[in-house]
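Reader: I would like to go through this model with you, a question at a time. Could you explain how each answer comes about?

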Amino acid sequence: MTHTLVLYYLVFLLPTESCRTLYQATSKSKEKVHARLHGVCEGVCTDNSQCTQPCPPDTQGNMGFSCRKKTWHKLTDTCRTLNALNIFEEDLYLVQPFADNVKINVYHGKPDTITDILLQKCPTDLSCVIKNIQQSPRIPGNIAIIVQLLHNISTAIWTGVDETKMQSYSTIANHILNSKSISNWTFIPDRNSSSVLLHSVNSFARRLYIDKHPVDISDAFIHTMGITISGDNTEKNFTFSMRVNDTSNEVTGRVLISRDELRKVTSPSQVISIAFPTIGAILEASLLENVTVNGLVLSVILPKELKRISLIFDKISKSEERRTQCVGWHSVESRWDQQACKMIQENSQQAVCKCRPSKLFTSFSILMSPHILESPILTYITYVGLGISICSLILCLSIEVLVWSQVTKTEITYLRHVCIVNIAATLLMADVWFIVASFLSGPVTHHKGCVAATFFVHFFYLSVFFWMLAKALLILYGIMIVFHTLPKSVLVASLFSLGYGCPLVIAGITVAATEPGKGYLRPEACWLNWDMTRALLAFVVPALAIVVVNLITVTLVIVKTQRAAIGNSMFQEVRAIVRISKNIAILTPLLGLTWGFGVATVINDRTLAFHIIFSLLNAFQGFFILVFGTILDPKIREALKGRVASAKWSSRISENVSSEFSCHPTKGPS
């Protein structure tokens, strides 16, 4: 018996101990090698050089580095612990060496991929991989394997997706959607992996069958709801409330289907919606896009009869200084697209979007611009400039009233001062309405007031430009005398038609064409919309066209005065040069050349210098009109001196009369 036990020990236990000893020695050797190599590149770091290093112990794959500014930066990471041998629950005890290549291909019916084995082992609920996936670290290689697994499942299973399968699928996806994994998505070599994940989840959910009861599958980072609808339903909605940024703060997303849309449904159908709190940040990290998703990402799967839905997003960041855009995810081009949605309303807390789901657009959200469009400097310049502008315009109109009879004795001077007065009056009204619009909190809370303020700001600013055009035409009239046969009344009527009629038509058509579709206003301010309807072009195009016309006018004036100076004496040449300089000095600020910088701010709205220059020049236009249109006019200065002298003379006469009256009092009857 004793010999038998000894033999058993020698045959079975001793080899086991030897293997264990050999395994430990090998492991220690590997640990030494990995401790030396992984995560550290050997050699000198020179710009744009690259290197590859093995992954830490107990993982397979490698890491790629690139040298920038004499420092190694990690670019890619394929480190993984999951493979076809250890991903299944019953094979947990089989700790075998990693295969060089893990085959995860689209399902073809041959049991040689993880997906094939999965569909054989647990085809009814897909649960046989959940435990090991949940216990696996969320490192880039594991994330890539799970993404490919979810993609393969979504393409392999065409029918029979019930709530149980959807629950398992969501649990697997939830693991790599965890907010703690976001930074690791950056290092996955396939930059499109996050888009593949979103498309796979949407495709799998599209095959979900809803029986009698609504579906509600909730995980921390993915929440799926589904209902059946028919044409006689009232308005339907889904409401999601999920935590973001690893805090207790929750943001809400709502999907609304109007009763009018539901009436288009001819037979019982189903609607499915999925909410993601982290996929937006994952898409940004994975695709390296310079955009920030500022709400939940909501996927909506509708029957083909339904074309429009309303989405309400709570904002993650409540900043009022950043532009918000409603967008849809383009599943083919892997990018956010504004064409899928339009903004309906917005305030500092929420944004309301109207979107058009389709095969290309299933997922929607709101974006926050990565840069701040406003600054305290701009605000200060704007309001101080407006204050100076308004005071200057009031002073300008007061001076015109005082000297009107002295400076309008000829037809050309009369018409010129009509233009000056109307330019000052319309710019004054535009500034006042601009202040009114700025005090309104936005289109959401004061929509009608905001529409009215925007209309009048648009109208009066356009009127300024059209009266500037009239002023330029009158300069031509004064120099070239091309309208000498027209009566004065006809000229005045033409000026008023040009100065007020054209702006009224343009402003009226703009509001009539864009307001019914809620595309007249910007979401964040009471001003013309740009992102959705390009309504701002109804101001920019006429203004810049007038600037071009007036520049041509200045050129013609210069040419005409130079020709008139040829052959004259030196004194006349000097007078011609002075006249040219005066015309340019008056025309340049009045013709709105500052809006050239306005175009620059539209093209490149990140450059603060353009905004500051534009705000300075535009806000002080009233001051420019006072200086160049009134004070620098020698006839106005002479008339003012005459009025002052006349006032002094009248005052002196009054004093003399009073003194004489006091020296020679009237005697009463004796």
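Reader: Which loop holds Asp 58?

Author: Happy to start there. This is a predicted model, in which local features need pLDDT of at least 70, side-chain atom pairs count only at pLDDT 80 or more, and totals for chains, interfaces and linings use all residues. Residues are numbered from 1 along each chain as its sequence is written, and side-chain values use heavy atoms, leaving out hydrogens and water. Helices (H or I, at least four residues) and strands (E, at least two) are DSSP runs numbered from the N terminus, and Asp 58 has its place in the loop between β1 (50–54) and β2 (62–68).

Reader: Is Asp 58 buried or exposed?

Author: Phi of Asp 58 is near 70°, a positive value in a residue other than glycine. Buried means under 20% relative accessible area, exposed over 50%, and partly exposed in between (1.4 Å probe, protein chains only). At 68% relative accessibility, Asp 58 therefore counts as exposed.

Reader: And Ser 334, is it buried or exposed?

Author: Ser 334 lies in the loop between β12 (324–330) and β13 (335–337). Its phi is near 55°, again positive in a residue other than glycine. Because its relative accessibility is 12%, Ser 334 counts as buried.

Reader: Why is α5 largely enclosed by the rest of the structure?

Author: Helix α5 covers residues 163–176. Its buried residues include Met 166, Tyr 169, Ile 172 and His 175. They pack against α3 (130–135), α4, α6 (193–206), β4 (215–218), β5 (223–229) and α8 (279–287), where contact means heavy atoms within 4.5 Å. The helix is largely enclosed because, of its 14 residues, the number buried is 11.

Reader: How far apart are the end C-alpha atoms of α5?

Author: The expected span of a helix is 1.5 Å times one less than its number of residues. For the 14 residues of α5 that gives 20 Å, which agrees with end C-alpha atoms that are 21 Å apart.

Reader: At what angle do α4 and α6 pack?

Author: Val 147, Leu 150, His 151, Ile 153 and Ser 154 in α4 meet residues of α6, among them Val 196, Leu 197 and Phe 204. Axes are lines fitted to C-alpha atoms, for helices over the stretch in contact, and angles run from 0 to 180 degrees between N-to-C directions. The axes of α4 and α6 are 9 Å apart, and the packing angle is about 35°.

Reader: Which residue is at the centre of the kink in α12?

Author: Helix α12 (residues 488–514) reaches 39 Å from its first C-alpha to its last, close to the 39 Å expected for its 27 residues. The bend at a residue is the angle between axes fitted to the seven residues ending there and the seven starting there. The kink in α12 is about 30°, and its centre is Ser 497.

Reader: How are α10 and α12 placed relative to each other?

Author: Tyr 414, Leu 415 and Val 418 are among the α10 residues that meet α12, where the partners include Leu 491, Leu 495 and Tyr 500. Helix α10 (residues 411–439) packs on α12 at an angle of about 20°, with the axes 11 Å apart. Angles under 35 degrees count as roughly parallel, over 145 as roughly antiparallel, 65 to 115 as roughly perpendicular and the rest as oblique. The two helices, α10 and α12, are therefore roughly parallel.

Reader: What percentage of the protein's residues count as buried?

Author: The secondary structure comes to 18 helices and 16 strands. Of the 670 residues in the protein, the buried share is 45%.
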